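Please look through the sequence and the structure below before reading on. The text after them goes from one part to the next.

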Amino acid sequence: MTYNPRTRNNRGARSKAGEPVIVRVTKEHHIALARQAAQAIARRIGFKQAATYYIATSVSELAGNLVFHTDRGGSITLIPLERSDAIGIEIVAEDEGPGIPDMDLAMQDGFSTGGGLGSGLPGVKRLMDEFEITSTPGVGTRIVTRKWQSCR
Ligand SMILES: Nc1ncnc2c1ncn2[C@@H]1O[C@H](COP(=O)(O)OP(=O)(O)OP(=O)(O)O)[C@@H](O)[C@H]1O
Ligand SMILES: [Mg+2]
């Protein structure tokens, strides 16, 4: 597990709140590490307690999917965002795993191919403000999700 801070532009919203952090997630215990990293960053940016909890929970779910639904895991990138009227965080979960053949099904509450509750992806969509998922069978899956908090 490595933390590799790197500099990157994020749609013009490059952050003064901190540089992106990449968490490699290949083993089960990395899920907790990713969650902790997200919680620490969300707190530092200034998210309130409930939103911090939503962000940390979303990262846990996405990291869990990397571990349980791919052979080699993937990465979670945590990107602090800053707008004139809001602070935010972008979470990017990426893998080169098997991909998701039926996205509508995967986004349904209760659908799981792994004996789980099937509440991870729909839960993340509910907890966060923006949610985009792209997946190609045999190529991999990329999820980009953001949470904002007004600073006015
Ligand atoms: N990164 C991924 N790569 C391939 N398939 C995925 C990935 N993430 C999710 N899936 C597929 O989408 C389904 C739904 O995911 P979701 O997180 O909602 O439920 P789950 O992981 O099965 O159970 P839970 O998260 O509630 O423990 C999974 O069962 C799996 O088939
Ligand atoms: Mg899941």
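The paragraphs below take up the sheet, then a helix that packs on it, then the ligand. The model is predicted.

Begin with the sheet. Five strands form an open sheet, and their order across it is β1-β2-β3-β5-β4. The pairing is antiparallel. The edges are held by β1, residues 21-25, and β4, residues 130-136. Each of these two strands has a single partner strand, so one side of each is left without a neighbour in the sheet. On average, neighbouring strands of this sheet are turned by 15° against each other, with direction ignored.

Now follow the pairs across the sheet, starting from β1. Its partner is β2, which covers residues 74-82, and the two strands pair in the antiparallel sense over five bridges. One place to find this pairing is V21, whose bridge partner in β2 is L78.

On its other pairing, β2 meets β3 over nine bridges, again in the antiparallel sense. Here L81 stands opposite G88 in β3. How many residues lie between β2 and β3 in the hairpin that they form? There are three residues between the two strands.

The strand β3 also pairs with β5, in the antiparallel sense and over ten bridges. In this pairing V92 stands opposite V144 in β5. Why is β3 described as largely enclosed by the rest of the structure? Eight of the ten residues of β3 are buried, so the strand is largely enclosed in that way. When looking along any of these strands, it helps to keep a general point in mind. In a regular strand the side chains alternate between the two faces of the sheet.

Next comes the helix. Helix α2, made of residues 49-69, packs on the sheet. The strands that α2 touches are β1, β2, β3 (residues 86-95) and β5 (residues 140-150). The direction of α2 makes about 10° with that of β3.

The helix α2 leads on to the ligand. Around ligand 1 there are 25 residues, of which N65, S112, T113, G116 and G120 come nearest. Which elements give two or more residues to the shell around ligand 1? They are α2 and α4, the latter covering residues 120-127. The helix α2 gives the most to this shell, with six residues. Sorted by class, the shell around ligand 1 has 14 polar residues, nine nonpolar residues and two charged residues. Helix α2 thus appears twice in this account: α2 packs on the sheet, and α2 gives six residues to the shell around ligand 1.

Note on methods: Residues are numbered from 1 along each chain as its sequence is written. Chains are lettered from A and ligands numbered from 1 in the order in which they are written. This is a predicted model: local features need pLDDT of at least 70, side-chain atom pairs count only at pLDDT 80 or more; totals for chains, interfaces and linings use all residues. Two strands pair if DSSP finds at least two bridges between them. Helices (H or I, at least four residues) and strands (E, at least two) are DSSP runs, numbered from the N terminus. Axes are lines fitted to C-alpha atoms, for helices over the stretch in contact, and angles run from 0 to 180 degrees between N-to-C directions. Two residues are in contact if their C-beta atoms, placed from the backbone, lie within 7 Å. A residue is near a molecule or strand if its C-beta atom, placed from the backbone, lies within 6 Å of it. Ala, Val, Leu, Ile, Met, Phe, Trp, Tyr, Cys and Pro count as nonpolar, Asp, Glu, Lys and Arg as charged, and the others, Gly among them, as polar. A residue is buried if 20 or more other C-beta atoms lie within 10 Å of its own, exposed if 12 or fewer, and partly exposed in between; C-beta atoms are placed from the backbone.
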